[in-house]
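This report goes through a protein chain from its overall fold to its side-chain pairs. The sequence and the model come first, and the description follows.

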Amino acid sequence: MKFAIVLFALFAVALAAPAAPQPEAEVLRLESNVQPDGYEFALKTSDGTQKEESGHLINAGAENEAIAVKGSFSFVADDGQTYTVNYIADENGFQPQGAHLPVAPLA
């Protein structure tokens, strides 16, 4: 019985040990352009992460004024695969698309 308790205690200590620290990613590219009626930006880091996005004002001055956004992001996951998500976000909500994302069945 004492052996089981010691074994479980060692197992708990091993699980609680901090993971190896990840190296900090460096910014390789950063561009930004912000205007009164829209924006654009792009970011690329040394760990394989990329993001590009643009947004523009729709229905300017109206009660339903909003920003419509189009963009994409990609990252390298723990499995070594690069995953990419393309999206739009507008009056219809956030609409992501990616080969790894599930797709709702057609009604």
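What pattern does the protein follow when read along the sequence? The pattern is α-β-β-β-β-β-β, made up of 1 helix and 6 strands. The model is a predicted one.

## Overall figures

The protein has 107 residues, and buried residues make up 11% of them. About 8,800 Å² is exposed, with carbon and sulfur atoms supplying 60% of that area. Among the contacts with a separation of 6 or more, 10% are between residues 24 or more positions apart.

## The sheet

The strands form an open sheet of 6 strands in the order E1-E2-E3-E4-E5-E6, with antiparallel pairing. Strand E1 (27-35) and strand E6 (93-97) stand at the edges; each has a single partner strand, so one side of each is left without a neighbour in the sheet. On average, neighbouring strands of this sheet are turned by 10 degrees against each other, direction ignored. Strands of a sheet pair through backbone hydrogen bonds, either parallel or antiparallel.

Strand E2 (residues 38-45) runs antiparallel to strand E3 (residues 50-58), and 7 bridges join the two. E2 and E3 form a hairpin with 4 residues between them. Gly48 lies in the turn and has a positive phi of about 95 degrees.

E3 also pairs with strand E4 (residues 66-76), in the antiparallel sense, over 9 bridges. Ser54 can be followed across these pairings: Glu40 stands opposite Ser54 in E3, and the bridge partner of Ser54 in E4 is Lys70.

Towards the end of the sheet order, strand E5 (residues 82-90) and E6 run antiparallel and are joined by 5 bridges. Here Ile88 stands opposite Gln95 in E6.

## Aromatic pairs

How many aromatic pairs does the structure hold? There are 4. One of them is formed by Phe73 and Tyr87; this pair is tilted, at 6.2 Å centre to centre and with 45 degrees between the planes. Phe73 lies in strand E4 and Tyr87 in strand E5, so the pair ties together parts that are 14 residues apart in sequence.

Is Tyr87 buried or exposed? Tyr87 is buried, because its relative accessible area is 6% and the cut-off for buried is under 20%. Phe73, at 30% relative accessibility, counts as partly exposed.

Tyr87 also forms an aromatic pair with Phe94, again a tilted one, at 5.5 Å centre to centre and with 40 degrees between the planes. Phe94 counts as exposed, at 51% relative accessibility, because the cut-off for exposed is over 50%. Ring pairs link Phe73, Tyr87 and Phe94 into a cluster. The cluster therefore includes Tyr87, which is buried, and Phe94, which is exposed.

## Salt bridges

Side chains of opposite charge can pair when their charged atoms come close. The count for this model comes to 3 salt bridges, listed here with the N to O distance.

| Acidic residue | Basic residue | N to O distance |
|---|---|---|
| Glu31 | Arg29 | 3.1 Å |
| Glu52 | Arg29 | 3.6 Å |
| Glu53 | Lys51 | 3.7 Å |

Arg29 meets both Glu31 and Glu52 in salt bridges. Glu52 lies in strand E3 and Arg29 in strand E1, so this pair ties together parts that are 23 residues apart in sequence. Arg29 is partly exposed, with a relative accessible area of 30%. Glu31 is partly exposed at 45%, and Glu52 counts as partly exposed at 40% relative accessibility.

The salt bridge of Glu53 has Lys51 as its partner. Which of the classes, buried or exposed, applies to Glu53? Glu53 is buried, because its relative accessible area is 16% and the cut-off is under 20%. Lys51 is partly exposed, with a relative accessible area of 26%. Salt bridges that share partners join Arg29, Glu31 and Glu52 into one network.

Definitions and conventions: Residues numbered from 1 in each chain as written. Predicted model: local features only at pLDDT ≥ 70, side-chain atom pairs only at ≥ 80, totals over all residues. Heavy atoms only, no water. Buried < 20%, exposed > 50% of the residue type's maximum accessible area, 1.4 Å probe, protein only. Contact = heavy atoms within 4.5 Å. Areas by Shrake-Rupley, 256 points an atom, 1.4 Å probe, with all protein chains shown as cover. Pairing = 2+ DSSP bridges. Axes fitted to C-alpha atoms, helices over the stretch in contact; angles between N-to-C directions. Phe/Tyr/Trp six-rings, centres within 6.5 Å; stacked < 30°, edge-to-face > 60°. Salt bridge = Lys/Arg side-chain N within 4 Å of Asp/Glu carboxyl O.
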